[in-house]
Structures are given as structure tokens and as C-alpha cells.
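Subject: The structure, and what turned up in it

Hello,

Here is the structure I promised to pass on. Please have a look, and read my notes below alongside it.

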Amino acid sequence: MTVTVVPRRVLKRIAPGLLLVLLALTGPWLAPHPIDTPVTAPYAPAGDGAPLGGDQLGRDVVSRLLHGGTALIGSALLVALAVTALAALLGCFAALRPALGRAVERTADVAILLPPVLGIMLIALAWPDGGRLAVNAAAIVLGVPYAVRLVAGAAAPLAQSGYVEAATARGERLWYVALRELLPNLRATVLALFGLRFVEAVYVISVAGFLQIGSQPPAADWALMIRENAPGILLNPWAVVAPGLAIALLAISVNLASSSLAPRSARKAVTAS
């Protein structure tokens, strides 16, 4: 009986995230109006032809909302995959080589002291034409040290286990021990880490977009929509509330989905570190 109940519970928790991601990715084809063509008065309330009203230039809020999720989800997915993959590889090597592990720990301590938004601003200033690519690069660089430390902490007990010592005694190379013996036993930790890195990437990229670092007008970006339409929030609240809700629902639903797929012990290990 338990075998039939657990997949249904997991499916219910991952379904909202999957539907939201699917809606965001297909949104550009569902939008009723172009994103840069005024269809109503500036900050017009919800009405015919514009279910959520107009933005500061009279453009359809629904159409810009449907276009704005693709870039955010793509960037967050890229950052989460890159950070998780690099952390998994470096964390395994750090657990097998104490000198490398100490170097990772010191680097993570320094990186944690630097707020992500401040780091993105510094990289954006050094790379003024980088746009969204600069934001993604900054999110990866700033996210890897802490994630490596989490994976190395989870891999340390496994590095002392019998099968790893047996592989080392057989004369296996370091990369073989790390990738074939250690990494497969960290699947749950890596999965939980991916979910948390995705949520963190959504947060960092959204804050950068709100500060107009990365996406620039007239791009349809959820965070940029909040900044652009904030002056008219009393005239048409949906121009600000709708993209804010979309960002929050995306982060919450993806985090719930990753938590459902990862075992409880792995979630505790990642979130408690």
C-alpha cells in the first residue's frame, strides 16, 4: 500500500512547480498582445482586452507577464545546474584530499561574508556590457564555494567508508574514486542542493533585475516589471502584484518539488549546514 501512496503524494507536490514552469516556458505563445505595443491607457485598471490592466506605458500586463518567466527560469536553471555540478565534483575531491578541503572551507568562509547583491554589483561594474550573462556568472561564482562546502561535509563520512578505502587500496585513480564510488552515494544531497540553489538563483536574479542590473527596458522581466510599475501601484496594483506573485510561486513550488524528491535526511543535512 505504501508503494502506491508515496508516488501520489510526491506527484501532488511537484505538479504545481511543473505546471508553473511549463506555463512560463510556453507563455510567449499564449500572450494575446505584443509586449511592446500599448493596448490601453497607462496604469489602466483591469478591463476588456487587458485582464490585469496596463503598465506604465499602457502595455498589457498579462502579455508581459507571460513573456517574462522564460528568461528568469532559464537563467535560474542554468545557475542552479552549474553551481550544483561544480559543487558536486569539487566537494567529492575535497572530501578525498584534506588539503583541498581546507582550501574550500576557507574560500567558502570568505564568500559567505560577501552579500550576493553586493557581489553582483561589483561584477556588473567590472563588466558593464555583460547584461544577464554577467548576473548569471556572478551568481555561479558566488554560489559555488558555499555549495562545495555542503557537499564536502556530506561526503566526508563516506570518504572514510570501507568501499572507498577498498577502491583506494586497489590503486584506483582519484577521479574514479570521486565520480564512481563517492558521487553516486550523494544523489539525495545533490538533489536537495539543486532545489535550494534554484530558489537562491531566482532570488538573486530577481533582485538584480529590480536594480536594473542585467535585464534592461523594454524587456519583459518579472523583477523589472515590479520596478517599472511601482510608481503606479495605487492606479493598477496588478502591474506590481502579479509579477511579484509569479516570482514567489515559482520559488516556493520548485523548492517543494525538490524537497519531495529528496529524502528527509538529505534535506536536513543541506538546510542545517
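Let me begin with one span: residues 73-258 are 81% helix and 0% strand, and the C-alpha atoms at its two ends lie 15 Å apart. Helices and strands here are DSSP runs, numbered from the N terminus (H or I and at least four residues for a helix, E and at least two for a strand). An unreviewed UniProt entry gives this span, residues 73-258, the annotation "domain: ABC transmembrane type-1".

Two notes on how to read the values. This is a predicted model, in which local features need pLDDT of at least 70 and side-chain atom pairs count only at pLDDT 80 or more, while totals for chains, interfaces and linings use all residues. Residues are numbered from 1 along each chain as its sequence is written, and side-chain values use heavy atoms, with hydrogens and water left out.

**The annotated transmembrane regions**

The unreviewed UniProt entry also places the feature "transmembrane region" at residues 71-96, 108-127, 133-152, 190-213 and 233-257. UniProt positions follow the numbering used here, feature names are shortened, and annotations may be inferred rather than shown by experiment. Residues 71-96 are 100% helix and 0% strand, with end C-alpha atoms 38 Å apart. For residues 108-127 the figures are 85% helix and 0% strand, with 23 Å between the end C-alpha atoms.

Leucine 86 sits in helix α2. This leucine 86 is partly exposed, at a relative accessible area of 38% (buried means under 20%, exposed over 50%, and partly exposed in between, with a 1.4 Å probe and protein chains only). Leaving out residues up to four places away in sequence, leucine 86 touches Gly91, Ile140, Val144 and Val148, where contact means heavy atoms within 4.5 Å. Leucine 86 and alanine 147 are 61 residues apart in sequence, yet their C-alpha atoms are 8.7 Å apart in space.

**Aspartate 55 and its surroundings**

You may like this part. Aspartate 55 lies in the loop between α1 (2-30) and α2 (61-96), and counts as buried at 1% relative accessibility. What does its side chain reach? One partner is the backbone nitrogen of leucine 57, at 3.0 Å. Another is the backbone nitrogen of arginine 59, which lies 2.7 Å from a polar atom of the aspartate 55 side chain. Apart from neighbours within four places in sequence, aspartate 55 is in contact with Ala41, Pro42, Tyr43, Val61, Arg64 and Asn229.

**Salt bridges**

The structure holds six salt bridges, each being a side-chain nitrogen of Lys or Arg within 4 Å of a carboxyl oxygen of Asp or Glu. In one of them, the side chains of aspartate 55 and arginine 59 meet at 2.8 Å, N to O. Arginine 59 is buried, with a relative accessible area of 4%.

Another salt bridge joins the side chains of glutamate 228 and arginine 64 at 3.9 Å, N to O. Glutamate 228 belongs to helix α9 (residues 222-229) and arginine 64 to helix α2, so this pair ties together parts that are 164 residues apart in sequence. Glutamate 228 and arginine 64 are both buried.

Arginine 170 and glutamate 172 also form a salt bridge, with their closest N and O atoms 3.4 Å apart. Arginine 170 is exposed, with a relative accessible area of 52%, and glutamate 172 is partly exposed at 30%. Through shared partners, salt bridges join Asp55, Arg59, Arg64 and Glu228 into one network.

**Helix α9**

Helix α9 is largely enclosed by the rest of the structure, because seven of its eight residues are buried. The buried ones are Trp222, Ala223, Leu224, Met225, Ile226, Glu228 and Asn229. At the start of α9, a side-chain oxygen of aspartate 221 reaches to within 3.0 Å of the backbone nitrogen of alanine 223.

**One aromatic pair**

Finally, the structure holds one aromatic pair. The ring centres of tryptophan 175 and tyrosine 176 are 6.1 Å apart and the planes stand at 80°, so the pair is edge-to-face. Rings of Phe, Tyr and Trp (its six-membered ring) pair if their centres lie within 6.5 Å; planes under 30 degrees apart count as stacked, over 60 as edge-to-face and the rest as tilted. Tryptophan 175 is partly exposed at 47% relative accessible area, and tyrosine 176 is partly exposed at 21%.

Best wishes

Technical notes:
A polar contact is a pair of N or O atoms within 3.5 Å; within protein, one must be able to donate a hydrogen and the other to accept it, and residues adjacent in sequence count only if both atoms are side-chain atoms.
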